[in-house]
Amino acid sequence: MPMIALLKIGGGVLLVLAGLLLVLSFTGKKTFRTEVFIPAPPEAVWDVLMDTASYPDWNPTFIQVQGDYKEGVKVTNTVKTPDSTMTINASVQVVTPKVELRQAGGLPGVITFDHRWLLRPENGGTCVIQHEIDRGFYLWFWNSDWVQPAYERASLALKHRVSGTEETTGCG
């Protein structure tokens, strides 16, 4: 077979693989969500979330946060995984006091995340929602089974830190 024909076949295969990765990057999506009711006002919850220096003292999932939660600022999160830890760089997207803390990051097309803490006043306390959407082709190959339970532990630890209780009641 002539060399030009082999190059055309190889180029076609590469084009098909690139197209497949493109399709996978747009169809790979996972959502994680927790809700917990904290019998304390949003101000108290917000104060704990914003105190990044204290995360090692209470948060079993985000065991360290380097940087301050201010819009446009980059922070480095150290996350506890089942086997070790992983470092995740994020850009703080939204800081609406007592309402929303949102950070995002990743490598577009490969894997990205959009993580939010949402606070809603409810029944004399605060409904806290932790919500994350991950996207990218890597999600087709990554075992993320540990993420939901880890976020649930973080939400309950936040509740315990703010109110001193570990009840697992959900929101409204």
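Tyr138, Trp140 and Phe141 come together as a nonpolar patch on the surface of this predicted model. Between them, the three residues offer about 380 Å² of accessible area. As for where that sits, Trp140 belongs to the loop that runs between strand S7 and helix H4 (147-163).

Now step back along the chain into S7 itself, which covers residues 125-135 and includes Thr126. Is Thr126 buried or exposed? Its relative accessible area is 0%, so Thr126 counts as buried, the cut-off being under 20%. The side chain of Thr126 still has a polar partner: one of its polar atoms lies 2.6 Å from the backbone oxygen of Ala40.

Ala40 also turns up among the residues that Thr126 touches, leaving aside those up to four places away in sequence. That list takes in Val36, Phe37, Ile38, Pro41, Pro42 and Val45, along with Leu119 and Arg120.

For the protein as a whole, here are a few percentages to keep at hand.

| Quantity | Value |
|---|---|
| Residues that count as buried, of 172 residues | 41% |
| Contacts with a separation of 6 or more that join residues 24 or more positions apart | 53% |
| Accessible surface belonging to carbon and sulfur atoms, of about 9500 Å² | 60% |

And the overall layout? The protein has four helices and seven strands. Going along the sequence, they follow the pattern α-β-α-α-β-β-β-β-β-β-α.

Conventions:
Residues are numbered from 1 along each chain as its sequence is written. This is a predicted model: local features need pLDDT of at least 70, side-chain atom pairs count only at pLDDT 80 or more; totals for chains, interfaces and linings use all residues. Side-chain values use heavy atoms; hydrogens and water are left out. Helices (H or I, at least four residues) and strands (E, at least two) are DSSP runs, numbered from the N terminus. Buried means under 20% relative accessible area, exposed over 50%, partly exposed in between (1.4 Å probe, protein chains only). A polar contact is a pair of N or O atoms within 3.5 Å; within protein, one must be able to donate a hydrogen and the other to accept it, and residues adjacent in sequence count only if both atoms are side-chain atoms. Contact means heavy atoms within 4.5 Å. Patches are made of residues with over 30% relative accessible area and no salt bridge: like charges are joined within 9 Å, nonpolar side chains (Val, Leu, Ile, Met, Phe, Trp, Tyr) within 5 Å. Accessible areas come from the Shrake-Rupley method with a 1.4 Å probe; for residues, only the protein chains shown count as cover. A salt bridge is a side-chain nitrogen of Lys or Arg within 4 Å of a carboxyl oxygen of Asp or Glu.
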